[in-house]
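Please find below my notes on this structure, set out as numbered points. They are intended to be read with the sequence and the model side by side.

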Amino acid sequence: MSQPISRVQGSSTDVMHISDAVWQFMTSVKTLQKRDGSEQDFDARKLAHSIQQALTAAGMKSTTLGEKLTGQVLSRLTHQFDGHSIPSFADVREGVQVTLIDNNLVHVAKKYANFRTSAAQQEEQVRYGHG
């Protein structure tokens, strides 16, 4: 029988069994495959930051919506890749866009999709001096 772990979260106390915690860790996304084929540790904060940037670019400043969307994307990735396979950056980007569209935030999904193309175009521009 597993021992419960108590953790305080906000004002309520959740009880999580050790087996549940192990299962959650085992099925979570831990690494990503970069475009060059190498692997990188997955950082949910980077995901949350990119979603928040897209929301801000679309004129929405709600941080709670960004946190909600990040949780939905993480849940989608966990169900899709279940800890056995490694998602690529394209898989994560697709998961974010689908989640945004599912939440009727098509304009934010467009901003999120356009960020990659605009960043690539800025890298290709010839720069002289320091800027």
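1. Lys68. I begin with a single residue: Lys68 is located in helix 3. The model is a predicted one, and in it Lys68 is partly exposed, because its relative accessible area is 44% and the partly exposed class lies between 20% and 50%. Although Lys68 and Ala48 are 20 residues apart in sequence, their C-alpha atoms are 9.6 Å apart in space.

2. Overall make-up. The secondary structure of the protein consists of five helices and four strands. Followed along the sequence, these elements give the pattern β-β-α-β-β-α-α-α-α. The protein has 131 residues, of which 21% count as buried. Among contacts with a separation of 6 or more, 46% join residues 24 or more positions apart.

3. Helix 2 against helix 3. Helix 2 covers residues 44-57 and helix 3 covers residues 63-81; the two pack at an angle of about 130°, and their axes are 9 Å apart. Why are helix 2 and helix 3 described as oblique to each other? The angle is about 130°, and angles that lie between 115 and 145 degrees are classed as oblique, so the term applies to this pair. The crossing of helix 2 past helix 3 is right-handed. On the side of helix 2, the contact is made by Ala44, Leu47, Ala48, Ile51, Gln52 and Leu55. Helix 3 contributes Thr63, Leu65, Gly66, Leu69, Thr70, Val73 and Leu74. Sorted by class, this contact contains nine nonpolar and four polar residues, and no charged residues.

4. Helix 3 against helix 4. Helix 3 also packs with helix 4, at an angle of about 125° and with the axes 9 Å apart. These two helices are therefore oblique to each other, and their crossing is right-handed. From helix 3, the residues Leu69, Gln72, Val73, Arg76, Leu77 and Phe81 take part. They meet Asp91, Val92, Gly95, Val96, Val98, Thr99, Leu100 and Asp102 of helix 4. By class, the contact of helix 3 with helix 4 has eight nonpolar, three polar and three charged residues.

5. The nonpolar core. In soluble globular proteins, nonpolar side chains tend to be buried together. Which residues of the largest nonpolar core touch the most other members? This core has 19 residues, and those touching the most other members are Leu47, Ile51, Leu69, Leu77, Val96 and Leu100. Two or more residues each are given to the core by helix 2, helix 3, helix 4 (89-102) and helix 5 (106-124). Helix 3 gives the most, with five residues.

6. Ile51. One of the core residues just listed, Ile51, may be examined on its own. Setting aside residues up to four places away in sequence, Ile51 touches Gly66, Leu69, Thr70, Val73 and Val96.

7. Ser88. Is Ser88 buried or exposed? Ser88 is buried, because its relative accessible area is 19% and the buried class requires a value under 20%. Ser88 is found in the loop between helix 3 and helix 4. Apart from neighbours within four places in sequence, Ser88 is in contact with Leu32 and Gln33.

Definitions and conventions:
Residues are numbered from 1 along each chain as its sequence is written. This is a predicted model: local features need pLDDT of at least 70, side-chain atom pairs count only at pLDDT 80 or more; totals for chains, interfaces and linings use all residues. Side-chain values use heavy atoms; hydrogens and water are left out. Axes are lines fitted to C-alpha atoms, for helices over the stretch in contact, and angles run from 0 to 180 degrees between N-to-C directions. Angles under 35 degrees count as roughly parallel, over 145 as roughly antiparallel, 65 to 115 as roughly perpendicular and the rest as oblique. A crossing is left-handed if the near helix is turned anticlockwise from the far one by less than a right angle, and right-handed if clockwise. Contact means heavy atoms within 4.5 Å. Ala, Val, Leu, Ile, Met, Phe, Trp, Tyr, Cys and Pro count as nonpolar, Asp, Glu, Lys and Arg as charged, and the others, Gly among them, as polar. A nonpolar core is a set of buried Ala, Val, Leu, Ile, Met, Phe, Trp, Tyr and Cys residues joined through side-chain atoms within 4.5 Å. Buried means under 20% relative accessible area, exposed over 50%, partly exposed in between (1.4 Å probe, protein chains only).
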